Amino acid sequence: MPVALVRRVPETFGNAVRTGSAGPDPDPDLAARQHDDYCRALAAAGYALRSVDADPAMPDCPFVEDTAVILGEIALVTRPGHPSRRGETSAVADALTQHFEVVTMEPPATLDGGDVLVLGRTVFVGASRRTNAAGIEVLGRIAFRAGHSTVPVEVDRGLHLKSAVNRLDDRTVLVAPGFVDPRPFAGRAAVAVAAGEDGAANVVDVPGTNAVIVPDGYPHTAQILEAAGFEPVAVDVSEFERADGGLTCLSVRW
Ligand code: CIR
């Protein structure tokens, strides 16, 4: 059974880092309700849930994906690219110790898990504003130990690699064109989001099924996914999108 580790929404979530989004601050109460819906959708899809308590001193803590990368028996606990988020990692490391050999990332390396996309035995890693060359090197060493190869990808627009490219299955990615260098994905099957629906690219697949958890509000991409043989299940994550996050960011999955 696949597992998803989530982290609850603190009452301070309105102060989450916002680099790319305009508009009102996220509403913590609505975000908490949307987080509940997200957890229910994961559970209904077959994920076993583990939860880490929220930390009010860390408004971005629900974006737990950025703090850890699971590769085989190893959990790499990252050093997040935004300095305000570095205090998020210790509680996540504690939660992972019972399941994995935990390896921590040291300065000057930085890496956000939102930049790491695993397809089969290949680890694609975004070179982004948050993930530096030293971080990519550390990830590459861990990936090698776990029997994976690493492929760097230039992220030109958007926060992370997975803001624009995500796994639908081991062979297929969902892509928002124009955000990352497409060349490393040549040879993979790719489904493009509908024009004007770039935010639709951030989806969570359900291993061993055709189900894909998708963000609510992108109807044309949902139709494209259905036509490609997938079964989209929509969850509203508007408050997390206000803070540059989305579905993948809200869990570490293995
Ligand atoms: C940040 O700027 O770090 C958070 N407000 C959003 C992080 C989103 N994480 C992700 O896409 N993996």
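1. Let's start with the open spaces in this predicted model. The largest pocket has a volume of about 720 Å³. It is lined by 29 residues, and Ile-70, Val-118, Arg-167, Arg-253 and Trp-254 are the ones closest to its centre. A good way to find the pocket on screen is to select those five residues together.

2. Which class of residue supplies 15 members of this lining? The nonpolar class does, beside 7 polar and 7 charged residues. Several strands take part: β3 (68-71), β6 (116-119), β9 (165-169), β12 (204-205) and β15 (252-253) each contribute at least two residues to the lining of the largest pocket. Of these, β3 gives the most, with 4 residues.

3. Now for the second largest pocket, which holds about 450 Å³ of space. Its lining is made of 24 residues, with Ser-163, Gly-199, Glu-241, Asp-244 and Gly-245 closest to the centre. The make-up by class is 6 nonpolar, 12 polar and 6 charged residues. When you look at the two pockets in turn, keep these figures beside the 15 nonpolar, 7 polar and 7 charged residues that line the largest pocket.

4. Next come the enclosed spaces. How many cavities of 30 Å³ or more are there? The count comes to 2. The largest cavity has a volume of about 110 Å³. Of the 13 residues lining the largest cavity, Asp-60, Phe-63, Arg-85, Leu-159 and Ala-243 are closest to its centre. By class, that lining has 5 nonpolar, 3 polar and 5 charged residues.

5. Where does the ligand sit? You will find the ligand in the largest cavity. Around the ligand there are 14 residues, and those that come nearest are Val-17, Asp-60, Asp-66, Arg-130 and Cys-249. Asp-60 is thus one to look for twice: it is among the residues nearest the ligand, and it is also among those closest to the centre of the largest cavity. The shell around the ligand divides into 5 nonpolar, 3 polar and 6 charged residues.

6. Three polar contacts with the ligand deserve a look. Arg-85 has a polar side-chain atom 2.8 Å from an oxygen atom of the ligand. His-160 also places a polar side-chain atom by a ligand oxygen, here at 3.0 Å. For Ala-243 the backbone is involved: one of its polar backbone atoms is 2.8 Å from a nitrogen atom of the ligand. On its own, the ligand has 350 Å² of accessible area, and the protein covers 99% of this. Two of these contact residues, Arg-85 and Ala-243, have already appeared among the residues closest to the centre of the largest cavity.

7. Finally, please visit the second largest cavity, with a volume of about 30 Å³. Ala-200, Val-203, Val-214, Pro-215, Tyr-218, Thr-221, Ala-222 and Leu-225 line this space. The elements that give two or more residues to this lining are β13 (211-215) and α4 (219-227). The largest share, 3 residues, comes from α4. How many charged residues does the lining of the second largest cavity have? None: 7 of its residues are nonpolar and 1 is polar. In the largest cavity, where the ligand sits, the lining includes 5 charged residues.

Key:
Residues are numbered from 1 along each chain as its sequence is written. This is a predicted model: local features need pLDDT of at least 70, side-chain atom pairs count only at pLDDT 80 or more; totals for chains, interfaces and linings use all residues. Side-chain values use heavy atoms; hydrogens and water are left out. A residue is near a molecule or strand if one of its heavy atoms lies within 4 Å of it. A polar contact is a pair of N or O atoms within 3.5 Å; within protein, one must be able to donate a hydrogen and the other to accept it, and residues adjacent in sequence count only if both atoms are side-chain atoms. Accessible areas come from the Shrake-Rupley method with a 1.4 Å probe; for residues, only the protein chains shown count as cover. On a 1 Å grid over the protein atoms alone, a cavity is a set of points where a 1.4 Å probe fits but cannot get out, and a pocket is an open set with protein on both sides within 12 Å along at least five of seven lines; lining residues have an atom within 4 Å of a point. A molecule sits in a cavity or pocket if more than half of its atoms lie within 2 Å of its grid points. Ala, Val, Leu, Ile, Met, Phe, Trp, Tyr, Cys and Pro count as nonpolar, Asp, Glu, Lys and Arg as charged, and the others, Gly among them, as polar. Grid points are joined across faces, edges and corners, and a volume is the space filled by probe spheres set on the points.
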